[in-house]
Amino acid sequence: MFRRTFWFTAGAAAGVWATTKVNRKLRQLTPESLAAQAANKAIDAGHRLKEFALDVRDGMAQREAELGEVLGLNGHPDSELPTQRRIRAIGGGEQSGDNKQIKYIDNTTYSYNRNEDH
């Protein structure tokens, strides 16, 4: 008799356990639950992406500072900037003592117009 009672109790417990598991799974598969899970995952992904972007930005600033230090761009120059040089692009004439003129090739197939599509 105790044997039957044991197996009856074990079967009832297994049935309750299985019913509980199935009900939990069904509640997880409802449209509202799926939408909430998707929203939570999207928010988590957004947070991770934001953290990654901030890490990249920090790394870029650090590397830029390192490059500026190596190239000597971080120091403040004591003197003023040199005066700007003007280059005469078209026409002849003397420039800083040179008598060089710009020569163009007349029969060239190269187009200097970069806006052409052909």
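Okay, before we look at anything: a residue counts as buried under 20% relative accessible area, exposed over 50%, and partly exposed in between. One more thing to keep in mind is that this is a predicted model.

So, let's use that on glutamate 66. Its relative accessibility is 34%, so glutamate 66 lands in the partly exposed class. Arginine 63 ends up in that class too, with a relative accessible area of 47%.

Why put those two together? Well, side chains of opposite charge can pair when their charged atoms come close. Here the side chains of glutamate 66 and arginine 63 form a salt bridge, at 3.2 Å from N to O. Searching the whole structure turns up one salt bridge. And how far apart are glutamate 66 and arginine 63 in helix H2? They're three residues apart in that helix, which covers residues 31-71, so about one helical turn separates them.

Now over to helix H1, residues 2-28, where we find lysine 21. Lysine 21 is partly exposed, at 44% relative accessibility. Which residues join it in a patch of positive charge on the surface? That would be Arg24, Lys25 and Arg27, gathered there with Lys21.

Last stop, the aromatics. You describe a pair of aromatic rings by the distance of the centres and the angle of the planes. The count here is one aromatic pair. It's phenylalanine 6 with tryptophan 7: the ring centres are 5.1 Å apart and the planes sit at 75°, so we call the pair edge-to-face, since the cut-off for that is over 60 degrees. Tryptophan 7 itself has a relative accessible area of 58%, so tryptophan 7 is exposed.

Definitions and conventions:
Residues are numbered from 1 along each chain as its sequence is written. This is a predicted model: local features need pLDDT of at least 70, side-chain atom pairs count only at pLDDT 80 or more; totals for chains, interfaces and linings use all residues. Side-chain values use heavy atoms; hydrogens and water are left out. Rings of Phe, Tyr and Trp (its six-membered ring) pair if their centres lie within 6.5 Å; planes under 30 degrees apart count as stacked, over 60 as edge-to-face and the rest as tilted. Buried means under 20% relative accessible area, exposed over 50%, partly exposed in between (1.4 Å probe, protein chains only). Patches are made of residues with over 30% relative accessible area and no salt bridge: like charges are joined within 9 Å, nonpolar side chains (Val, Leu, Ile, Met, Phe, Trp, Tyr) within 5 Å. Accessible areas come from the Shrake-Rupley method with a 1.4 Å probe; for residues, only the protein chains shown count as cover. A salt bridge is a side-chain nitrogen of Lys or Arg within 4 Å of a carboxyl oxygen of Asp or Glu. Lys and Arg count as positive and Asp and Glu as negative; His and the chain ends are not counted. The place of a charge is taken as NZ of Lys, CZ of Arg, CG of Asp or CD of Glu. Helices (H or I, at least four residues) and strands (E, at least two) are DSSP runs, numbered from the N terminus.
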